Amino acid sequence: MKLGILTDIHEHIGPLDAALAHSSSENVDQVIVIGDLFETGEQIEETCQRLADAKVVGVWDNHDYGLCREVDDETLASYSDTVLNFMGSLQP
């Protein structure tokens, strides 16, 4: 099995797109993310959508905690189901 590993995305869509395209061109079987997807929230929707579309799995890190575990009501109201579902799928 060929694995691709991503880390410290911090909502940087350009490099994420390049990494996912490279993984696809290299016939990677599974891409794994090792946390720190979140930065400011400005591009978290696009980040999570791309990762979900690519069927990426993984773990969350310190920047992601508030969207992955113990999500408060204000946060729930601030983010889409796409973001909350993907971030909630990440493991500690």
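**Exercise 1. Along S1, which side chains point to one face and are buried, and which point to the other and are not?**

Before the solution, a note on the model: this is a predicted model, in which local features need pLDDT of at least 70 and side-chain atom pairs count only at pLDDT 80 or more, while totals for chains, interfaces and linings use all residues. Residues are numbered from 1 along each chain as its sequence is written, and side-chain values use heavy atoms, with hydrogens and water left out.

Step 1. Strands here are DSSP runs of E with at least two residues, helices are runs of H or I with at least four, and both are numbered from the N terminus. Buried means under 20% relative accessible area, exposed means over 50%, and partly exposed lies in between (1.4 Å probe, protein chains only).

Step 2. The side chains of S1 alternate, with Gly4 and Leu6 buried on one face, whereas Leu3 and Ile5 point to the other face and are not buried.

**Exercise 2. Describe the sheet to which S1 belongs, and place two of its residues opposite their partners.**

Step 1. The sheet is open and is formed by three strands in the order S1-S2-S3, with parallel pairing; two strands pair if DSSP finds at least two bridges between them. Strand S1 (3-6) and strand S3 (57-59) are the edge strands, each pairing on one side only. From one strand to the next, the twist averages 20 degrees.

Step 2. S1 and S2 run parallel and are joined by four bridges. In this pairing, Leu3 stands opposite Gln30, and Gly4 stands opposite Val31.

**Exercise 3. How many salt bridges does the structure hold, and which parts of the chain do they link?**

Step 1. Taking a salt bridge as a side-chain nitrogen of Lys or Arg within 4 Å of a carboxyl oxygen of Asp or Glu, the structure holds two.

Step 2. Glu26 forms a salt bridge with Lys2, and their closest N and O atoms are 3.7 Å apart. Because Glu26 lies in the loop between helix H1 (13-25) and S2, and Lys2 in the segment before S1, the pair ties together parts that are 24 residues apart in sequence. Glu26 counts as partly exposed at 36% relative accessibility, and Lys2 is partly exposed at 40%.

Step 3. Arg50 forms a salt bridge with Asp17, with the closest N and O atoms 2.5 Å apart. This pair links distant parts of the chain, Arg50 being in helix H2 and Asp17 in helix H1, 33 residues apart. Arg50 is partly exposed, at 30%, and Asp17 is likewise partly exposed, at 32%.

**Exercise 4. Where is Asp36 found, and what surrounds its side chain?**

Step 1. Asp36 is found in the loop between strand S2 (30-34) and helix H2 (44-53).

Step 2. Asp36 is buried yet has no salt bridge, and the nearest side chain of opposite charge, Arg69, is 14 Å away; for this purpose Lys and Arg count as positive and Asp and Glu as negative, while His and the chain ends are not counted.

Step 3. A polar atom of the Asp36 side chain lies 3.2 Å from the backbone nitrogen of His63.

Step 4. With contact meaning heavy atoms within 4.5 Å, and not counting residues up to four places away in sequence, Asp36 touches several residues, including Asp8, His10 and His63. His10 is in the loop between S1 and H1 and is buried, with a relative accessible area of 14%.

Methods. Polar contact = N/O pair within 3.5 Å; in protein donor to acceptor, adjacent residues only side chain to side chain. Axes fitted to C-alpha atoms, helices over the stretch in contact; angles between N-to-C directions.
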